[in-house]
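Q: Please take a close look at one part of this model, namely how its chains meet one another. A connected account would be welcome, with the surrounding features described where they help to place that part.

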Amino acid sequence: MENLIALLVAAPLLGAAVLLCGGRRLDRVGHLLGTLLSAASFVIGVLLFTDMLGKSADDRTFTQHLFSWIPVEGFQADVSFQLDQLSMTFVLLISGVGTLIHIYSIGYMEHDERRRRFFGYLNLFLAAMLLLVLADNYLLLYVGWEGVGLASYLLIGFWQHKPSAATAAKKAFLVNRVGDMGLSIAIMLMFTTFGTFAFAPVLKAAEEHQGGGATLTGIALMLLLAACGKSAQVPLQSWLGDAMEGPTPVSALIHAATMVTAGVYLIVRSGAVFNASPDAQLVVVIVGSVTLLFGAIVGCAKDDIKKALAGSTMSQIGYMVLAAGLGPIGYVFAIMHLVTHGFFKAGLFLGAGSVMHGMNDEVDMRKYGALRKYMPVTFVTFGLGYLAIIGFPGLSGFFSKDKIIEAAFAKGGTEGWILGSVALLGAAITAYYMTRVMIMTFFGEKRWQPDAEGHEPHPHESPKSMTIPMIVLAFGSVFAGGFFSIGDRFLHWLEPVTEHSHGNAPISATTVTAATMVVLVIGVVLAYLQYGRRPVPVAAPRGSLLTRAARRDLLQDDFNHVVLVRGGEHLTRSLVYVDHTLVDGVVNGTAASVGGLSGRLRKLQNGYARSYAVSMFGGAALIVAATLLMRAV
Amino acid sequence: MSFPLLTATAVLPAVGAIATAAVPAARRTAAKWLALLVSVATLVLAAVVLVRFEPGGDRYQLTESHSWIKDFGVRYELGVDGIAVALIALTALLIPFVILAGWHDADPQETGSSRWRPTQGFFALILGVEAMVIISFEATDVFLFYIFFEAMLIPMYFLIGGFGDRAHSGSDENAAAQRSYAAVKFLLYNLVGGLIMLAAVIGLYVVAGNFSLQEIAAARANGSLHMATSTERWLFLGFFFAFAVKAPLWPLHTWLPNAMGEATAPVAVLITAVVDKVGTFAMLRFCLQLFPEASKWATPVILVLALISIVYGALLAVGQRDIKRLVAYASISHFGFIVLGIFAMTSQGQSGATLYMVNHGISTAALMLVAGFLISRRGSRLIADYGGVQKVAPVLAGTFLIGGLATLSLPGLAPFVSEFLVLVGTFSRYPVIGIIATFGIVLAALYTLVLYQRTMTGPVKPEVSALPDLRVRELAVVVPLIAALIFLGVYPKPVTDLVNPAVKQTLSDVHKKDPKPAVEAAK
Amino acid sequence: MNPVNYLYLAALLFTIGATGVLIRRNAIVLFMCVELMLNACNLAFVAFSRMHGNLDGQIIAFFTMVVAAAEVVVGLAIIVSLFRSRHSASVDDASLMKL
């Protein structure tokens with residue numbers, strides 16, 4: 001059974017290879033092949049899952065060693081896999097949601113002439129993501145880590161003829177590379193400290209606090225940097241909004257459900273390292289809480305439906321990072337929220353894609369309105385996702401988010417109070433911006449207009465291949481949280497890997513739930529008052545200073561542009577100049593002066609016998625003079 | 001006496017060069033096929049060397065030794081260690097692709113008129129370079145090495161100056177002047193380096209009494225040959241200077257962008273992927289073995305120079321407007337990594353550096369040759385003249401992207417393995433330098449992706465709208481290179497197994513041991 | 001008479017010859033000046049021979065005469081062919097190392 005692990009990765013990898021190298025012959029069947037191989041991966045995952053369930057809790061770690069990858073003196077990197085409960089959770093999420101989104105894409109990308117390639121990229125993504133969660137050492141994880149970055153690059157820039165898409169893709173890759181630098185330094189630190197970077201020995205050593213506190217903090221902070229890049233956390237969050245240039249299924253799969261959560265996986269996986277370094281954990285919770293507010297505020301101001309959802313994704317991952325930074329109190333809930341978020345956010349994105357599909361790819365919510373009548377299935381599934389994300393009682397988000405808020409309070413002390421309050425505030429803002437999205441899209445009056453070429457949009461329900469995945473995901477959004485929480489199933493499932501402790505909450509769980517409900521209602525009501533009671537203007541109003549800043553992603557891009565892009569341009573330009581004039585100039589100058597000297601010397605050879613005679617006589621006279629001088633001395 | 005395999009590997013392309021040059025003027029195609037055939041046969045011989053070489057065995061294998069100039073103790077001595085075998089294999093592997101990629105580069109522009117035979121000359125010169133590079137990798141006699149180290153400048157000079165890129169960078173009217181400037185610059189830089197090395201070679205003879213690498217290294221190791229500290233340092237600097245010019249290391253790098261920019265793409269590959277490797281190879285073989293103490297003495301300065309090369313090369317690559325010059329500056333950055341790995345003096349660093357030489361050869365060849373195909377279609381080297389190529393030539397764009405991704409060391413492709421090894425090897429001894437070098441990976445992503453974005457994506461420019469996609473000959477060049485990149489990225493073990501023992505011996509020559517992990521050291 | 005005076009005469013003649021070589025342009029005059037310098041040397045040799053009391057200097061003087069005769073032959077031949085091609089005997093016209 002364990003030997004099947006490699007197949008999990010191999011199936012989509014094969015798909016990617018065949019689809020990308022296959023050429024036009026495969027255009028007709030490419031999408032089916034891609035979907036089939038993704039489904040195959042899911043089926044293998046389920047087989048392994050049932051096998052795993054049949055074993056006792058301590059016996060659930062499967063390993064598979066494939067081959068020795070980089071054998072160098074003192075350095076051992078292997079291609080070998082480790083499948084435990086944490087990885088299993090991800091495998092099912094990735095291949096399951098992945099397969100649904102493959103199915104959805106069959107319909108969504110139907111009219112795109114490069115659909116085969118799209119499926120090739122999707123399969124490549126699945127392979128890389130599965131490699132990421134299945135690796136048993138950090139270096140192999142790094143391969144998956146950059147692999148998903150590549151797939152994300154290719155998919156964001158899938159419509160490369162649009163300069164904005166190409167720029168967004170490049171930006172995503174570059175920002176991620178900054179994070180990757182962190183991961184690579186973390187691996188180097190592990191190697192020099194422990195002599196290895198396989199999970200088991202590193203985590204064991206970290207548990208025993210070997211290597212010194214400063215080193216462990218260094219490793220943890222570098223891992224956090226990596227996580228910030230991949231999971232779009234402050235200060236490396238700026239790429240996620242732009243990444244919405246990619247096709248919507250990509251946003252759903254990569255930039256909502258799976259890839260962006262890899263940072264959370266990394267932190268939870270390296271739990272022992274973070275546990276050993278309270279300083280690093282403090283930084284993690286700060287990053288998490290800042291991002292959770294940052295994303296939420298940005299989400300409130302965006303009129304582009306996908307960018308609003310992207311802000312929301314950022315914010316929800318902020319919750320997960322916050323939970324992961326809390327240590328053993330929060331790990332399980334971080335992952336639980338990750339899974340439920342995977343369902344409802346993917347569902348929301350697919351819903352948004354369905355709306356765009358019916359609206360001639362219009363993304364401005366101010367030009368939607370009243371769509372509930374035209375797209376009932378989309379409306380219902382999107383609505384369920386909406387209820388789940390704001391934490392409506394009984395739905396998935398309620399259970400998982402509530403637990404995180406609880407855990408934040410349970411951190412204890414002033415810190416606990418601050419974190420808990422931030423999480424509550426975030427919940428209120430979440431309710432506000434999601435209600436805004438919901439109202440602007442599906443309620444109110446219809447506000448759409450003919451586009452520049454005079455095509456009036458004709459909103460219509462999407463085909464079955466698109467609605468069925470949405471329905472399945474809506475089921476997940478509704479029931480997953482309850483299923484996980486009843487009898488603490490999810491907790492018991494993950495506990496052997498991540499550990500769990502309860503902390504000491506200053507207020508009871510019921511109080512937290514009640515408070516959550518209160519802020520939820522406040523958020524919804526505020527949004528209703530602003531967008532439901534009054535008509536939504538088609539042209540965006542100027543807005544307050546904060547709104548305008550939030551529309552520009554709180555000026556992060558402007559900052560980057562001024563400091564990094566401009567500064568970098570000036571630096572490279574002046575370096576090019578220096579290289580040409582100074583470094584090259586020194587050499588060319590030497591050459592020129594030698595040339596000049598020889599030019600002057602050449603003038604002596606004028607061909608007149610007399611001048612040669614003069615120099616001869618002069619020379620003779622000199623020699624005689626010198627001889628006499630020597631004699632005299 | 002057994003069959004002189006190493007001599008044969010070097011002599012075959014040399015004979016092939018003469019034969020190719022002798023092909024009658026009218027039979028141009030025959031000359032091309034002959035050259036290709038010879039290069040493939042050389043590849044076969046190199047493969048035999050690879051098979052016959054036993055990684056665990058003696059340090060130098062397949063040795064040949066004959067007396068040559070008795071009065072000066074110069075011998076014809078050949079022998080290979082794992083590092084040399086890997087580089088010979090790389091050279092022999094790349095030449096057929098260089099020839100195939102340059103198939104039409106030397107066709108005479110107007111038919112009939114000329115008495116001289118450019119096509120024959122072009123391919124003969126390439127084979128000549130191959131022969132000299134191979135024998136440089138094989139020579140274990142310092143004087144023998146020096147002769148071919150210098151002699152390869154002659155064919156390279158003619159290849160750069162005589163067969164320039166017909167697509168010059170827009171604004172320059174006088175392409176021929178540019179080209180001869182580049183060729184002369186290449187020659188002068190390398191000659192100056194070579195002359196200083198000659199002085200050091202003579203100095204070494206005065207001190208040691210012979211030229212045999214093995215004898216001198218052994219005598220140095222067992223203490224029977226004593227060198228004064230200052231003597232050793234001067235001799236080391238003499239050798240190192242020549243290799244640093246060849247490699248090229250900042251600030252001796254400026255000849256490379258000119259040469260690579262003005263030469264045709266296959267010749268540019270020949271420069272950076274094959275000829276320059278002799279420089280870094282010689283650092284490992286000659287500098288470290290002959291002058292271990294001086295190498296350690298100079299390490300801090302060299303590491304800083306390498307670091308500057310990495311960052312500086314990458315930053316300049318970002319600022320380039322010419323595709324080929326961009327690749328040249330990227331190569332300077334990569335050579336910085338190689339030198340860093342060599343002088344970090346750890347087994348990861350040196351194994352990584354050797355692997356880097358191989359991988360950089362393949363990845364730059366892939367990127368540069370595809371860039372060459374692109375340039376030959378549009379007739380311009382300026383990045384700004386392109387846009388939206390992926391729409392009209394998706395296969396070309398795809399292979400270009402893979403070449404670019406290899407250049408930025410994407411995991412899964414070969415350069416990642418070597419780059420990471422170099423970084424780890426450097427980090428374990430010099431953490432700060434390791435961290436700064438890591439910035440190189442962000443800059444690499446920047447210049448590669450900016451290049452790809454500006455040339456391949458966006459709206460299709462009218463001038464490129466009719467570009468044909470890759471042809472069969474071009475695919476035959478690119479696909480094997482990409483396959484090699486993927487294979488060595490996933491399974492580099494064959495190369496590391498070859499290289500590891502040699503690196504271990506080199507490290508013991510300089511009396512350096514890998515730093516122990518902090519946890520073990522504490523115990 | 002004091003033999004040193006012969007040496008002074010030789011130096012004077014040599015100087016006259018050298019000056020002539022440097023300032024005159026006519027090849028024939030030049031040639032004669034060269035001969036003058038040679039003869040100045042001969043005079044000095046003979047004077048030295050007398051001063052030192054051995055015959056070495058006189059023998060060398062004979063050698064010089066033989067060489068000078070050969071030189072006259074070759075030199076005049078060059079001057080004649082130069083004159084034929086350039087129609088002048090000025091050495092400045094022959095500054096190009098070819099006829």
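A: The account below begins with the pairing of the chains, then turns to each chain in its own right.

The model is a predicted one. Two pairs of chains are in contact, and the pair that shares the most contacts is formed by chains A and B. Chains B and C, by contrast, do not touch, and 30 Å separates their nearest C-alpha atoms.

The interface of chains A and B is taken up before the other. On one side 52 residues of chain A take part, and these are in contact with 64 residues of chain B. Together the two chains bury about 4,900 Å², and carbon and sulfur atoms account for 71% of that area. No salt bridge is counted between chain A and chain B. Polar contacts are nevertheless present across this interface, where 19 residue pairs are found with both residues at pLDDT 80 or more. On the side of chain A that touches chain B, the elements giving two or more residues are strand β1 (62-72) and the helices α5 (138-156), α6 (163-194) and α23 (556-602). Of these, α6(A) gives the most, with 18 residues. By class, this side of chain A consists of 30 nonpolar, 13 polar and nine charged residues.

The second interface joins chain C to chain A. Chain C contributes 12 residues to the contact and chain A contributes eight. The area buried between chain C and chain A is about 780 Å², with 69% of it on carbon and sulfur atoms. The count of salt bridges between these two chains is zero. The count of residue pairs in polar contact, with both residues at pLDDT 80 or more, is likewise zero for chain C and chain A. On the side of chain C that touches chain A, helix α1 (residues 4-23) gives the most, with five residues. That side of chain C is made up of eight nonpolar residues, one polar residue and three charged residues.

Chain C itself may now be described. It contains three helices and zero strands, and along the sequence its pattern reads α-α-α. The C-alpha atoms of chain C fill a box of roughly 50 × 25 × 20 Å along the principal axes. Its radius of gyration is 16 Å, whereas a compact globule of 99 residues would have a value near 13 Å. An unreviewed UniProt entry lists residues 6-23, 28-48 and 60-83 of chain C under "transmembrane region". Residues 28-48 of chain C are 100% helix and 0% strand in the model, and the C-alpha atoms at the two ends of this span are 30 Å apart. For residues 60-83 of chain C the content is also 100% helix and 0% strand, and here the end C-alpha atoms are 33 Å apart.

Chain A, which takes part in both interfaces, carries two domain annotations from unreviewed UniProt entries. "NADH-Ubiquinone oxidoreductase (complex I) chain 5 N-terminal" is the annotation that covers residues 69-119 of chain A. This span is 57% helix and 25% strand, and its end C-alpha atoms lie 29 Å apart. The annotation "NADH:quinone oxidoreductase/Mrp antiporter transmembrane" covers residues 135-423 of chain A. That span of chain A is 76% helix and 0% strand, with 32 Å between its end C-alpha atoms.

Salt bridges do occur elsewhere: a search of the whole structure finds 20 over all chains. In one of them, the side chains of A:Arg269 and A:Asp84 meet at 2.9 Å, N to O. This pair links distant parts of chain A, 185 residues apart. A:Arg269 belongs to helix α11 (residues 262-269), while A:Asp84 lies in the loop between β2 (75-83) and α3 (85-108).

Some local backbone features complete the picture. The peptide bond from A:Val234 to A:Pro235 is cis, with omega near 10 degrees, and A:Pro235 sits in the loop between α8 (213-230) and α9 (238-242) of chain A. In chain B, the bond from B:Ala247 to B:Pro248 is cis, with omega near -15 degrees. B:Pro248 is located in the loop between α9 (229-246) and α10 (255-262) of chain B. A:Asp361, a residue other than glycine, has a positive phi near 60 degrees. Its place is the loop between α15 (331-358) and α16 (376-390) of chain A.

Technical notes: Residues are numbered from 1 along each chain as its sequence is written. Chains are lettered from A and ligands numbered from 1 in the order in which they are written. This is a predicted model: local features need pLDDT of at least 70, side-chain atom pairs count only at pLDDT 80 or more; totals for chains, interfaces and linings use all residues. Side-chain values use heavy atoms; hydrogens and water are left out. Contact means heavy atoms within 4.5 Å. UniProt positions are given in the numbering used here, feature names are shortened, and annotations may be inferred rather than shown by experiment. Helices (H or I, at least four residues) and strands (E, at least two) are DSSP runs, numbered from the N terminus. Buried area is the accessible area (1.4 Å probe) that two parts lose on being put together, summed over both. A salt bridge is a side-chain nitrogen of Lys or Arg within 4 Å of a carboxyl oxygen of Asp or Glu. A polar contact is a pair of N or O atoms within 3.5 Å; within protein, one must be able to donate a hydrogen and the other to accept it, and residues adjacent in sequence count only if both atoms are side-chain atoms. Ala, Val, Leu, Ile, Met, Phe, Trp, Tyr, Cys and Pro count as nonpolar, Asp, Glu, Lys and Arg as charged, and the others, Gly among them, as polar. The radius of gyration is taken over C-alpha atoms; the globule rule is 2.2 Å times the number of residues to the power 0.38.
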